[in-house]
Amino acid sequence: MKRYFLLISLALSFLWFSQPLLAIETQDFESGSTSIEEGNCWSFEEADIVLKSNISGSYLCQTTQLNGSTRWIKTAWINITTAGNLEFKHRLSGTSGSSRVLKVYQIGTSGSQTLIFTHNYQSGQYTTLQTESVAITETGVYQFKFEFDGSGGSSKGWLDDIDMPGSYTFDPTSNNGSGTCGWLNPVLDADNDGVADADDDYPTDPYRAYNNYYPAGGDFGTLAFEDNWPARADYDFNDLVIDYRMNTVTNSSNQVVELLSTFVLRASGASFKNGLGVQLDGISPSKISLCSGYQLSSGTYINTASSGLEANQTYANCIVFDNFQNIMQHPGTGIGINTDPSAPFVPYDTLEIALIFINNGIVASGGYVLDSEMPSSAFNFYVISKQDRGREIHLPDHQPTDLYNPEFFNTLDDDSNVVTGKYYKTENNLPWAINILQGFSYPKETEKISDAYLHFNEWAQSSGAQYSDWYEDFSGYRNPDKIY
Amino acid sequence: MNQIKLLLLLAVMIGLAACQKDELVMPIPQDIENVSTSEEFSWSTGDIVTFRLEGLPSKVAYASTLTLTTPDGKILFKRLHSIQEDFSIELTVPSIHQNLEMTYGKMKKSLLIVNAVAEYSFIPGGNK
């Protein structure tokens, strides 16, 4: 007996699992919002989702009064792979009206409409709840349109609890704003990471998906520093000139995989030996497994951890180099490197820094970092002046690292205020560093930037409101004699 | 008589114009050392702009690449974004631009930057 029971159970199981799974999409209008359902590619003509519990739940879909013109509700696109039933409930809101009818159409991608159901409301049964089940035998991509019609009286059509025999396949990004959308087409995704090959910067690498450049488009920006802080500068902004490009590589989960930075060393009009660092504000060093590509002198004053990041910092710090003059040699004559046109030009040097957050899918010990947690505003660049680790010079209003020496603040011309977040500015809010996203031809030695760029002062005095393109090479914008 | 009226009218108009408050024009210092700026000025040719996205409540998991570019076509940011998800990020946008361009699947929108914020809602009617 037990054996027969087992055999029957097995046979039933086989029959059950050999049936194709029937997908069903349900619309009960419980979002309570016509706009939301329009966003989900449902469309409504003279119909709205209203707060009424007369069919089920709290909401149903209601037409306006049926007085001679049709009102309809159209579903989003459904991919029907197996024959099934379209089920729904309907009734009218009241008893008035000389005639009332509900028709349901099946609409194909070609636009063809097939009438699949008709219900003529009989007098005396207008408000009787009707539960319908309509066999759908055609497979493919379809919409269903519920069309109410009638004349006379004030009763409205009510519709709720629609079950559709298929899966949604609409493209909400093709929405015309009132629920009319296209259907989804399959996309190529070679690495199967969810990002279409056409959008994927790494179409065959499941661990990487996107390049996010700062500045935009992969251009190089320029950082131009004055290194005499906290003493007032000579404002030639060439004591350290570095071009930079940051590329935050993310995966399809929008986690940072790596930060690839390119630094082009261009000029140093300084007599001081200066280094360059970048802090990732808000990012713990434990979130990065490796920092590589930096250049530190033997016997350096920088203390690095095993990851290559600087040790003893709350936020991740990578010291790109500790002494510019160890990388680009002074040409032997003139002041500085590449700031005096009478001295030989020293070819630029480039450093490629890689910070690894996720290595072949393995996240660093401190966990992953989301794209929104490390925006470009987290890149906090600074000079370390005179090989004195505590003498950091940051872009204006960027906080110092844990290793700064607070004794320099509010000495000489510095007017930093830790409480208000004012950093590295004078009393008049003049800076020791500027950031030009578009790149920058810097002034010659001792030439003030305002003499080289003729609208610089207007830009500054207006706090950026005027001449936001002051760095351009437009007529009347530059004095080329002052520019290196 | 008409000439007198005309002269009177002219005199009144000149008088009114003279009473208009002169715009306060701050002289631009020749020397950068005399420049004074607001404490908020960043000394960067880019502005920090907050991009905000309101997701669409949906039973369907639809995701596509969200791309933000400058009006001249330079890509600022990309991510795989679920249409259901609210999202916010700070971007550094060159100060010369007043708009962000958003692409999401087949959707293309130009978003005006107002008070350092650019925003969009996937809910129809949710955009100002």
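These legends describe close-up views of a predicted two-chain contact and of cysteines in chain A.

The model is predicted: local features need pLDDT of at least 70, side-chain atom pairs count only at pLDDT 80 or more, and totals for chains, interfaces and linings use all residues. Residues are numbered from 1 along each chain as its sequence is written, chains are lettered from A and ligands numbered from 1 in the order in which they are written, and side-chain values use heavy atoms, with hydrogens and water left out.

**View 1. The contact between chain A and chain B.** Chain A gives 70 residues to the contact and chain B gives 54. Contact means heavy atoms within 4.5 Å. The two chains bury about 5,100 Å² between them. Of that area, 55% is on carbon and sulfur atoms. Thr173(A), Asn457(A) and Gln461(A) supply 13% of what chain A buries against chain B, more than any other three residues. Buried area is the accessible area (1.4 Å probe) that two parts lose on being put together, summed over both.

**View 2. Polar and charged pairs across the interface.** Six salt bridges are counted between chain A and chain B. A salt bridge puts a side-chain nitrogen of Lys or Arg within 4 Å of a carboxyl oxygen of Asp or Glu. Lys448(A) and Asp31(B) form a salt bridge, 3.0 Å from N to O. There are 32 residue pairs in polar contact across the interface, both residues at pLDDT 80 or more. A polar contact is a pair of N or O atoms within 3.5 Å; within protein, one must be able to donate a hydrogen and the other to accept it, and residues adjacent in sequence count only if both atoms are side-chain atoms.

**View 3. The disulfide of chain A.** The whole structure has one disulfide over all chains. Cys41(A) is joined to Cys181(A), S to S 2.1 Å. The cut-off for a disulfide is two cysteine sulfur atoms within 2.5 Å. The S-S torsion is about -85 degrees, so the disulfide is left-handed. Cys41(A) sits in the loop between α2 and β2 (43-45) of chain A, and Cys181(A) in the loop between β14 and β15 (182-183) of chain A, so the pair ties together parts 140 residues apart in sequence. Helices (H or I, at least four residues) and strands (E, at least two) are DSSP runs, numbered from the N terminus.

**View 4. Buried cysteines of chain A.** Cys41(A) and Cys181(A) are both buried. Cys291(A) is buried at 3% relative accessibility. Cys318(A) is buried at 1%. Buried means under 20% relative accessible area (1.4 Å probe, protein chains only).

Definitions and conventions:
Buried means under 20% relative accessible area, exposed over 50%, partly exposed in between (1.4 Å probe, protein chains only).
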